[in-house]
Each structure stands twice: as C-alpha cells, then as structure tokens.
Amino acid sequence: MIIHHLGEEPSVLNRFIAQLRDVNIQNDRMRFRKNLERIGEILCYEMSKFLHYKSELITTPLGEKKVQLPKDEIVICSILRAGLALHQGLMNYFDNADSAFISAYRKHTSETDFDIKIEYLASPSLEGKILFLADPMLATGRSFANVYTALAPLGKPKEVHLFAVIGSVQGIDYLEDKFPETTHLWIATIDPALNEHGYIVPGLGDAGDLAFGDKMEE
C-alpha cells in the first residue's frame, strides 16, 4: 500500500484536524461536518495529481486554449454514516464522479469485541474504473476491508484509493494484505494506538455521532 500522510507537513490542513479533535469546538456539528468536507477537498486535490489526463481544446470568448483534464471514470463509495460529510468534500472536486454508498457498523459481540456488519449497498459497476473508498476514521481497518470484499461482485476497479481523516498505525498495518499493493491511502493524520474498545487514541471520538448526533445502540 502506498501511504500519503498529508499531516506530516505543516499546512492549513492541521487547523481543520485540530478543530475536529478539540473538545471545545467539535460539538459544533456544522463546523465538524464542514471540517470533514474541507479535509476531503484537500485530500482530493493531492490525489488528483496521480490521475490520468487528456488534452482538450477549450473555446473562450476571446480565443482557444488547450488544457489537461482528467479522463478517468471515478466512483466515490462512502461508508455510512460518518462518511457522508467526507463524501461531499470528494464530490466538490470530482463533481462528475458516480457515487456509491454502503453501510458498515460495529455489531458488538462483547464489551470489547465486535464484528463489522454490511447491510446496505448501492453502487454502479466498478469494472475498469477508479474506486475511491471514504471513511473518516481508519481504526481497526476492518470496515475498509469488509466493504472492499462486499464490493468485489461489482467488478474489478482499475485503481483503488482509500480516503481517511484519522487512522491508527494498527489499522493501516491490517490493511496491507487486504488490498492490492498498488492501493493508495490518502490520510490527513495517523495516531499511534487503539484503546481496548477499538477506538483511535488520541483520535477524536465517534465521528458519526459528532457529525449527525447520538445513535441508539443495540
């Protein structure tokens, strides 16, 4: 896996990450969602440098100009529900992309263990296309892995790019043999550990709850 860790370099990205983490700011849901969206845009901009381009002639009111435009077919698949705000950021930059949505949630089997359940999937064909998989939190890595398996019957993508805001070292290591070695991971920042419940430390808490409100647990 090819890892692009954008938070290693100082930039305005770090301000948005800091606000996501800050307990005095993160309970502002609108700002929390907006920061996820803005981080998605930054990740997309950096990723766009790796796309394939073609030259097109554009007519302006005063003449013509050749420009390099992306030629790939892209499908953006976001993991519900936390991925929705990040999905919007990706769509802001790749507005002609197709969208796919898949639900993945933790089904607890004990106080500290859980399975990842997939219950909903809506997606176009992925055959020969570039697949973006988006989820703000890459904790154990099992959501990304299970979703990729669930998408397999829809065709083989030409390329796979994972988008996350915060990840753990353990989760990234887990994904190494679950995806093709040419897979790219675009991530804003990486934290060192998971706690006994499988949450990233220091992390930011539950991204879905912070973005959309608390949910009832089964």
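This is a short walk through the fold, from its overall dimensions to its nonpolar cores and one buried cysteine.

The model is a predicted one, in which local features need pLDDT of at least 70 and side-chain atom pairs count only at pLDDT 80 or more, while totals for chains, interfaces and linings use all residues. Residues are numbered from 1 along each chain as its sequence is written, and side-chain values use heavy atoms, leaving out hydrogens and water.

Let's start with the whole. The protein has six helices and 12 strands, taken as DSSP runs numbered from the N terminus (helices: H or I, at least four residues; strands: E, at least two). Its radius of gyration is 18 Å, which agrees with the value near 17 Å for a compact globule of 218 residues; this radius is taken over C-alpha atoms, and the globule rule is 2.2 Å times the number of residues to the power 0.38. Along the principal axes, the C-alpha atoms fill a box of roughly 65 × 40 × 30 Å.

Now look inside. Of the 218 residues, 45% are buried, where buried means under 20% relative accessible area with a 1.4 Å probe, counting protein chains only. Contacts, meaning heavy atoms within 4.5 Å, often reach far along the chain: among those between residues at least 6 apart in sequence, 65% join residues at least 24 apart.

In soluble globular proteins, nonpolar side chains tend to be buried together. A nonpolar core here is a set of buried Ala, Val, Leu, Ile, Met, Phe, Trp, Tyr and Cys residues joined through side-chain atoms within 4.5 Å. The largest has 37 residues, and Ile 39, Phe 94, Phe 132 and Phe 163 have the most contacts inside it. Elements giving two or more residues to this core include α1 (13-21), α2 (29-48), β4, β7 (130-134) and β9 (159-168). Helix α2 gives the most, with six residues. A second, separate core of 24 residues includes Val 75, Ala 104, Ala 145 and Tyr 148.

Phe 94 is a good place to zoom in: beyond its neighbours within four places in sequence, Phe 94 is in contact with Cys 44, Met 47, Ser 48, Leu 51, Ile 74, Ile 76 and Phe 132.

Finally, find Cys 77 in strand β4 (residues 74-80). Cys 77 is buried, with a relative accessible area of 0%. Not counting residues up to four places away in sequence, Cys 77 touches Ala 100, Phe 101, Ile 102, Leu 131, Phe 132, Leu 133, Ala 134 and Leu 151. Ile 42, 35 residues from Cys 77 along the chain, has its C-alpha atom 18 Å from that of Cys 77.

Terms used:
Buried means under 20% relative accessible area, exposed over 50%, partly exposed in between (1.4 Å probe, protein chains only).
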